[in-house]
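Student: Could we go through this model together? I would like to see the reasoning behind the words used for it.

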Amino acid sequence: MTNPEISSLSHIPSSLYAVPERLLSWYSKAARRLPWRENRDPYRVWVSEIMLQQTRVETVIPYFHRFLAAFPSPEALAAADEMALFKLWEGLGYYSRARNLQKAAAAVVGDYGGKLPRDYEALLKLPGIGEYTAGSIASIAFDIPVPAVDGNVLRVFSRLTDSFENISLPATTKNVRAAIAAILPEKQPGKFNQAIMELGALICLPRGAARCAECPVQSCCLAFQAGHTAELPVKEPPKKRKSENRTIVICISPGQILLHQRPERGLLSQLWEYPNLEGFLSPQAVRRLLSERNLRGGSARLMQLPPSRHIFTHLEWQMRAYLVFTTEAFPPPDGFQWVSLQEVSRAYAIPSAFQAYTGQLERWTARFRSSDFSLPGD
Ligand code: SF4
């Protein structure tokens, strides 16, 4: 089969043609045993590929098991309650992935009878599925010979071909796709794509850590021969993140926490959060704010918590936090609600940005209930 992408590449180094055989032979012995590799079920492949975006393998494994147990099919995922889905996703971050998975599951059920289409172009049209994910699903689950090029693969191919092209540019991805398409074995395209990724994950490591002495394709690697391994790949320096100061006010009344649902659009949309506002507020300013808004309930106590920070892709939150214990739940302001601790842990998805505080809720509420309750700084 002639792949139209091949014609767009002006030069494919002859050394690349020896890569598939060596790589496949290495992969058959070195591949990690991962739950999504137990079989080639398209739904499992798809879920794992979405979860693995921007997320480490070890982090994904328990989420993958829980997700498949809760939503074993596209039908189950399409019918899921959105908050139950977010709760399962809690801590994985990038919640738009979960949202798109559900939208795509609905399309798979509505348009393809509940089975992922055995077609690269059709996969590409599903929400949340780009060229890389469509290539992975098509090649791994359906043996369709298409490349799957992610950051790992770009790094490996920059080195194999000793290319100083900037891998942040779409033109470079296009060239790497063309190079892979030229050498992709027709019989085991999925295994080959996985083998390149595995090489990138285990051997051809980033930031000068490549383990070339153990590399199965060292003899085909032009960067190794030229002594350029540590200089490649070339990519844009990361953009400087915007830093934002925020004050978090965690209000606890006996057995309950005050939560707010974020808006439908924007960062962390529709997830639940503790009351928070931009800027750093002093303890006096927080007390004033609670009094002005009549939010002190019965007797209220205020305690300053250790600061924390959370890094998003393009944004960093520096957080100063306070704990407010109030003996009576004051009427919640618009958009807020009191939620029992059991309900929070069962059904309310709170972003990992607040993890430093969420992890302490149980301890704080227990302390509040205990008879020796006392706080400094009130
Ligand atoms: Fe990567 Fe080194 Fe192997 Fe080349 S020889 S592919 S740089 S690990």
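Student: Where is Asp162 placed?

Tutor: Asp162 sits in the loop between helix 9 (151-160) and helix 10 (170-183). Do keep in mind that we are looking at a predicted model. The phi of Asp162 is near 50°, a positive value in a residue other than glycine.

Student: Which phi does Gln270 have, and where does Gln270 lie?

Tutor: Gln270 is not a glycine either, yet its phi is positive, about 70°. Gln270 belongs to the loop between strand 2 and strand 3.

Student: Why is Gln270 called buried?

Tutor: Buried means under 20% relative accessible area. Gln270 has 18% relative accessibility, so it counts as buried.

Student: What makes Arg262 buried?

Tutor: The cut-off is again 20%, and Arg262 has 14% relative accessibility, so Arg262 counts as buried. Arg262 is found in the loop between strand 2 (256-261) and strand 3 (272-273). Leaving out residues up to four places away in sequence, Arg262 touches Leu267, Leu268, Gln270, Leu271, Glu273 and Trp317.

Student: Let's turn to the helices. Why is helix 8 called oblique to helix 11?

Tutor: The axes of helix 8 (residues 131-142) and helix 11 (residues 189-202) cross at roughly 130° and come within 7 Å. Roughly perpendicular covers 65 to 115 degrees and roughly antiparallel starts over 145, so at roughly 130° helix 8 is oblique to helix 11. Helix 8 passes helix 11 in a left-handed crossing. Helix 8 brings Tyr132, Gly135, Ser136, Ser139 and Ile140 to the contact, and helix 11 brings Pro189, Gly190, Asn193, Gln194 and Met197. By class, this contact has 4 nonpolar, 6 polar and no charged residues.

Student: And how do you know that helix 2 and helix 8 are roughly antiparallel?

Tutor: Helix 2 (residues 42-52) packs on helix 8 at an angle of about 150°, with the axes 9 Å apart. Angles over 145 degrees count as roughly antiparallel, and therefore that name applies to helix 2 and helix 8. Their crossing is right-handed. From helix 2 the contact takes Pro42, Val45, Trp46, Glu49 and Ile50, and from helix 8 it takes Tyr132, Thr133, Ser136, Ile137, Ile140, Ala141 and Phe142. These residues divide into 9 nonpolar, 2 polar and 1 charged.

Student: What makes Lys87 and Glu90 a salt bridge?

Tutor: A side-chain nitrogen of Lys or Arg must be within 4 Å of a carboxyl oxygen of Asp or Glu. For Lys87 and Glu90 the N to O distance is 3.1 Å, so by that definition the pair qualifies. Lys87 is buried, with a relative accessible area of 15%, whereas Glu90 is partly exposed at 23%.

Student: How do you know that Glu244 forms a salt bridge with Lys242?

Tutor: The closest N and O atoms of Glu244 and Lys242 are 3.7 Å apart, and the limit is 4 Å. Glu244 is buried at 12% relative accessible area. Exposed means over 50%, so Lys242, at 51%, counts as exposed.

Student: Which other salt bridges can we look at?

Tutor: Arg309 forms one with Glu316, the closest N and O atoms being 2.8 Å apart. Glu316 counts as buried, at 13% relative accessibility. Arg32, Arg37 and Glu198 are linked in a network of salt bridges. A search of the whole structure finds 13 salt bridges.

Conventions. Residues numbered from 1 in each chain as written. Predicted model: local features only at pLDDT ≥ 70, side-chain atom pairs only at ≥ 80, totals over all residues. Heavy atoms only, no water. Axes fitted to C-alpha atoms, helices over the stretch in contact; angles between N-to-C directions. Helix = DSSP H or I, 4+ residues; strand = E, 2+ residues; numbered from the N terminus. Parallel < 35°, antiparallel > 145°, perpendicular 65-115°, else oblique. Left-handed = near helix turned anticlockwise from the far one by under 90°. Contact = heavy atoms within 4.5 Å. Nonpolar A, V, L, I, M, F, W, Y, C, P; charged D, E, K, R; others polar. Buried < 20%, exposed > 50% of the residue type's maximum accessible area, 1.4 Å probe, protein only.
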